[in-house]
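The following note sets out several points for a colleague who is examining this model. Each point is meant to be read beside the structure.

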Amino acid sequence: MEKALVRIRQEQVGEHTEAVVARELHEFLEVGRDFSNWMRARIAEYGWREGTDYEVFAHFGENLKGGRPAAEYLISLDMAKELCMVERNEKGRQARRYFIEAEKKLRQLAADLAGLERQDGAKAMARLMHKAHGGGKDFPWLARLMEYRRRGLTYPEIGKLLDCSKDTAREYAALLMACGYDLSTSLPTVRNSRQALLSEVLPC
């Protein structure tokens, strides 16, 4: 297994989802300046912005000099690549190549996972259609189930409305969600909507 030169973390920085701890990069680059001054100078020189390119947090590890905790910087992968480039040394070039290669692998992994999700969705849809066909359930029936669930009805209530058991209603709902349908009941009027629907279709 290839050894990581600098650890890439799955952390959010601005719109970026991969990040590096700047102090670890500074150590690898063997910069001839202390970390805090180097970091502040580079940020001022190149105009990187907190909340977009980096985040600052306190390091609460051992502080041999005492006083306040040292400031740590979590920087985006793009900022890390630029820092490597501006150092203009072999360590910087090495780290930048490493980051670029790692980014390619991360993109490929994301594409592979998306492909698997699409396959899983297709399989779930096939299972749903097979079960619906065998159970005599058509698309309007499934649409009504989705509407009732989104409006906050329980599975026993849905079963009464659709003339099926609560377990059957729950099973079809699970298959629909596996296909990517959102059956959440987060609408602000869901309680009133549910009561109105029940009063319309269920006898008192």
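1. A residue is called exposed when its relative accessible area is over 50%, and buried when that area is under 20%. The model under discussion is predicted. Glutamate 30 has a relative accessible area of 56%, so this residue is exposed. Its position is the loop between H1 and helix H2 (35–46).

2. The backbone at glutamate 30 deserves a separate remark. Phi is near 55° here, a positive value in a residue other than glycine. The residue follows just after H1.

3. A second positive phi should be inspected at aspartate 163, where the angle is about 60° although the residue is not a glycine. Aspartate 163 sits in the loop between helix H6 (155–162) and helix H7 (166–178). With a relative accessibility of 71%, aspartate 163 is also exposed.

4. Which residues of helix H1 (residues 22–29) are buried? They are Ala22, Leu25, His26, Phe28 and Leu29. Viewed down the axis of H1, these buried residues fall within an arc of 165°, and they therefore line one face of the helix.

5. Strand S3 (residues 70–76) is mostly covered, with five of its seven residues buried. Strand S1 (residues 19–21) runs antiparallel to S3, and three bridges join the two. Within this pairing, valine 20 has isoleucine 75 of S3 as its bridge partner.

6. Is glutamate 72, a residue of strand S3, buried or exposed? Its relative accessible area is 4%, which is under the 20% limit, so glutamate 72 is buried. The side chain of glutamate 72 makes a polar contact of 2.7 Å with the side chain of arginine 23.

7. In soluble globular proteins, nonpolar side chains tend to be buried together. The largest nonpolar core in this model has 25 residues, and those with the most contacts inside it are Val20, Leu25, Met39, Ile75 and Phe99. At least two residues of this core come from each of H1, H2, S3, helix H3 (77–87) and helix H4 (90–134). The element that gives the most is H3, with five residues.

8. Phenylalanine 99 merits a closer look as one of the residues with the most contacts inside the largest core. When neighbours within four places in sequence are left aside, phenylalanine 99 is in contact with Val6, Ile8, Val20, Leu25, Leu77, Ala80, Lys81 and Cys84. Apart from the largest core lies another, of 21 residues, among them Trp141, Leu142, Ala173 and Leu175.

9. The last point concerns isoleucine 158, which is found in helix H6. Its relative accessibility is 0%, and it therefore counts as buried. Not counting residues up to four places away in sequence, isoleucine 158 touches Leu145, Tyr148, Arg149, Leu153 and Ala169. Methionine 146 is twelve residues from isoleucine 158 along the chain, and the C-alpha atoms of the two are separated by 9.7 Å.

Key: Residues numbered from 1 in each chain as written. Predicted model: local features only at pLDDT ≥ 70, side-chain atom pairs only at ≥ 80, totals over all residues. Heavy atoms only, no water. Buried < 20%, exposed > 50% of the residue type's maximum accessible area, 1.4 Å probe, protein only. Helix = DSSP H or I, 4+ residues; strand = E, 2+ residues; numbered from the N terminus. Arc of directions from axis to C-beta. Pairing = 2+ DSSP bridges. Core = buried A, V, L, I, M, F, W, Y, C linked by side-chain atoms within 4.5 Å. Contact = heavy atoms within 4.5 Å. Polar contact = N/O pair within 3.5 Å; in protein donor to acceptor, adjacent residues only side chain to side chain.
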